[in-house]
Amino acid sequence: MIKIAKLLFGLFLLLSSACAEREPAYPLLDGGELRFSELQGKVIFINYWAEWCKPCRKEMPELNDFQKEMTGQARVLAVNFDGIQGEQLAQQSKAMGIEFSVLTEDPRSQFDVMPSGVLPETLVVDPQGRFRKVLLGPQTVATLQQVVANLTEETNNLPESGPSN
């Protein structure tokens with residue numbers, strides 16, 4: 001009887017861990033993977049681009065500069081709008097001059113955001129991992145810094161949670 005109980009308990013643990021929701025891991029073009037929980041505390045910008053998009057080409061150097069300058073506070077991620085993969089994605093990313101992480105899968109569904117149909121499009125995720133807004137059109141270092149400053153100020157002005165006396 002004890003063996004059956006142990007077996008059933010083990011089966012229960014196995015099934016419950018297999019059915020537990022796991023955060024998706026998004027493959028990166030460079031071979032790694034990323035979970036958004038790893039970026040907790042940073043503002044995340046998910047930029048949608050395409051090789052044929054002239055405003056995307058104009059924006060890319062700004063995104064590169066912003067990522068270099070704001071590494072401690074923000075993270076820029078690129079997603080190809082056309083959904084290309086493999087060597088073609090690597091070639092187009094290089095041709096666009098992307099110097100930050102390129103996701104090979106679109107994370108949009110994780111944040112429950114519909115595509116706008118406009119490029120470039122950048123999703124903004126706050127330091128707590130919540131989707132905040134969509135930025136349409138080419139961004140600059142200054143516009144992205146302002147978004148980070150606004151979200152940081154909002155976070156700093158939140159009332160502290162804890163036991164009340």
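**Group meeting: strands, crossovers and ring pairs in a predicted model**

Phe45 has Val76 of strand 4 as its bridge partner. I start there since several features meet around these strands. Before going on, a caution: this is a predicted model.

The pairing that holds this bridge is between strand 3 and strand 4, which run parallel and share seven bridges. Between the two strands the chain passes through helix 2, and the resulting β-α-β crossover is right-handed. Strand 4 covers residues 74-80, and six of its seven residues are buried.

On to the next neighbour. Strand 4 also pairs with strand 5, again in the parallel sense, through three bridges. Here Leu77 has Ser101 of strand 5 as its bridge partner. The connection is made by helix 3, residues 86-96, and strand 4, helix 3 and strand 5 form a right-handed β-α-β unit.

Let me stay with helix 3 for a moment. Which of its residues are buried? They include Leu89 and Gln92, together with Ser93 and Met96. Viewed down the helix axis, the buried residues of helix 3 fall within an arc of 105 degrees, so they line one face. As a reminder, an α-helix has 3.6 residues a turn, so residues three or four places apart point the same way. On the face of helix 3 turned away from the buried side are Glu87 and Lys94, both exposed.

Back to Phe45, this time for its ring. The whole structure contains four aromatic pairs. In one of them, the rings of Phe36 and Phe111 are edge-to-face, because their planes stand at 85 degrees, with 5.1 Å between the centres. Where do these two sit in the chain? Phe36 is in the loop between strand 2 and strand 3, Phe111 is in the loop between strand 5 and strand 6, and the two are 75 residues apart. Phe36 and Phe111 are both buried.

Phe45 and Phe66 make another edge-to-face pair, with 5.4 Å from centre to centre and 90 degrees between the planes. Phe45 belongs to strand 3 and Phe66 to helix 2, so this pair ties together parts that are 21 residues apart in sequence. Phe45 is buried, as is Phe66. In this way Phe45 has a bridge partner in strand 4 and a ring partner in helix 2.

Two more items on rings. Tyr26 joins Phe36 and Phe111 in a cluster linked by ring pairs. And the ring of Tyr48 has the charged end of Arg108 over it, 4.2 Å from the ring centre.

Now the cysteines. There is one disulfide in the structure. It is formed by Cys53 and Cys56, with 2.4 Å between the sulfur atoms. What is its hand? The torsion about the S-S bond is about 80 degrees, so the disulfide of Cys53 and Cys56 is right-handed. Cys53 and Cys56 are both buried.

Next, the loop between strand 5 and strand 6. We have met it as the place of Phe111. Asp112 is in this loop too, with phi near 55 degrees, which is a positive value in a residue other than glycine. Is Asp112 buried or exposed? Asp112 is exposed, at a relative accessible area of 73%. Pro120 lies in the loop between strand 5 and strand 6 as well. The peptide bond leading into Pro120 from Leu119 is cis, with omega near -10 degrees.

After that loop comes a hairpin. Strand 6 and strand 7 run antiparallel and are joined by five bridges. Leu123 stands opposite Val134 of strand 7. Five residues lie between the strands of this hairpin, and Gly129 has a positive phi near 85 degrees.

Last, the overview. How many helices and strands does the chain have? It has four helices and seven strands. Read from the N terminus, the order is α-β-β-β-α-β-α-β-β-β-α. The chain has 165 residues, and 36% of them count as buried.

To recap: strand 4 pairs in parallel with strand 3 and with strand 5. Strand 6 and strand 7 pair in the antiparallel sense. That is what I have; questions are welcome.

Terms used. Residues numbered from 1 in each chain as written. Predicted model: local features only at pLDDT ≥ 70, side-chain atom pairs only at ≥ 80, totals over all residues. Heavy atoms only, no water. Phe/Tyr/Trp six-rings, centres within 6.5 Å; stacked < 30°, edge-to-face > 60°. Buried < 20%, exposed > 50% of the residue type's maximum accessible area, 1.4 Å probe, protein only. Lys NZ or Arg CZ within 6 Å of the ring centre and 35° of its normal. Pairing = 2+ DSSP bridges. Right-handed = clockwise from strand over helix to strand, strands pointing away. Disulfide = S-S within 2.5 Å. Arc of directions from axis to C-beta.
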